[in-house]
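Biologist: I would like a close look at a single part of this model, described carefully and in one connected answer.

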Amino acid sequence: MTELIPGLIAADDVPVDDRTPASTELQVIGLDLSITSTGVCRTDGSTFRIRTRQKDGPRRMTQIRDVLTVEVAEQRPHLAVIEDLPMNAGRMSLTNLKAMACLHGVVQALLVDADVPWAYVNTKTLKKYACDNGGATKADMTAAAFLADGATFADDEGADQVDAWWLRAAGFDWLGLPLFTMPEAQREALCKGDWPDAYAQRFVMGAAA
C-alpha cells in the first residue's frame with residue numbers, strides 16, 4: 001500500500017499508526033455469521049463461505065456447526081471475532097431473527113467446547129474501522145481490504161468473506177498487534193466492540209496460548 005489507506009483517503013492526510021506488525025504466534029479467526037452464507041476467515045487470512053439451502057430447514061444450523069467445528073479444531077485459534085447481530089434486528093422477520101439468534105448460540109457452544117474466547121463487533125463499528133465510514137458499502141469494504149493488504153475475494157457478492165477478513169484484522173488490532181498500517185482514528189472505533197474481559201492481558205502473559 002503506497003498512495004492510499006483503508007479509509008479511502010490520501011495517506012499523507014491522516015496520521016497513521018506504525019506499531020510493529022503482528023507476530024505469527026497469535027491465531028485469530030473472523031466469522032460473519034449468516035444462515036444462508038456464513039463468511040469465514042481462517043487464521044492464515046484465507047477466506048471462504050459456508051452456503052446452505054433454505055429447503056434444508058433447521059439442518060442448516062448443523063451444517064454450519066459441523067464445518068466450523070472442523071475449522072476450529074484444525075486452526076486452533078486463540079480468539080474468534082464475530083460480527084454482531086444487526087442493529088436493526090427488530091426490523092427482521094421473526095423467523096429470520098430466531099434463526100440468527102439460534103445460529104449465534106450454536107457457534108458460541110462450539111467455541112465453548114473448544115475453549116476459544118470470542119468477541120463481537122457490530123457492522124457499523126467494523127465499517128468505521130475499515131473505511132472510516134459507518135455507512136460504507138460492500139464495495140468500499142472490498143476496496144479497503146485491497147488497499148490495506150492486497151486482499152481479494154472470489155465469489156463474494158454478499159461481502160461475507162471480506163467482512164470476516166476485516167473481523168480477523170480487528171482482533172489483531174485490538175490486541176495491539178496490527179496486521180498493517182491504519183489511521184489511529186479508525187483503530188479507536190474498535191473500542192465499541194464487545195471484547196472478552198482481560199483477554200489482551202492473558203495473551204501477553206502467554207496464558208492464551
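Which residues form one aromatic cluster?

Modeller: In this predicted model, the aromatic cluster is formed by Tyr129, Phe153, Trp165, Trp166 and Phe180. A search of the whole structure finds 6 aromatic pairs, and one of them joins Tyr129 to Trp166 in an edge-to-face arrangement, with 5.6 Å from centre to centre and 90 degrees between the planes. That pair links distant parts of the chain, since Tyr129 sits in helix α3 and Trp166 in helix α5, 37 residues apart. Tyr129 is buried, because its relative accessible area is 0%, under the 20% cut-off, and Trp166 likewise counts as buried at 0% relative accessibility. The rings of Phe153 and Trp165 have centres 6.1 Å apart and planes at 75 degrees, so this pair too is edge-to-face; Phe153 belongs to the loop between α4 and α5, whereas Trp165 lies in helix α5, 12 residues away, and both residues are buried.

The surroundings of the cluster can be described in terms of the core. The largest nonpolar core has 33 residues, and those with the most contacts inside it are Tyr129, Trp165, Trp166 and Phe180. The elements that contribute two or more residues to this core are β5 (79-83), β6 (118-121), α3 (123-131), α4 (138-149) and α5 (160-174), with α5 giving the most, 8 residues. Leaving aside neighbours within four places in sequence, Tyr129 is in contact with residues including Trp166, Ala169, Ala170, Phe180, Met182 and Leu190, and also with Asp173, Gln186 and Arg187.

Technical notes. Residues numbered from 1 in each chain as written. Predicted model: local features only at pLDDT ≥ 70, side-chain atom pairs only at ≥ 80, totals over all residues. Heavy atoms only, no water. Core = buried A, V, L, I, M, F, W, Y, C linked by side-chain atoms within 4.5 Å. Buried < 20%, exposed > 50% of the residue type's maximum accessible area, 1.4 Å probe, protein only. Helix = DSSP H or I, 4+ residues; strand = E, 2+ residues; numbered from the N terminus. Contact = heavy atoms within 4.5 Å. Phe/Tyr/Trp six-rings, centres within 6.5 Å; stacked < 30°, edge-to-face > 60°.
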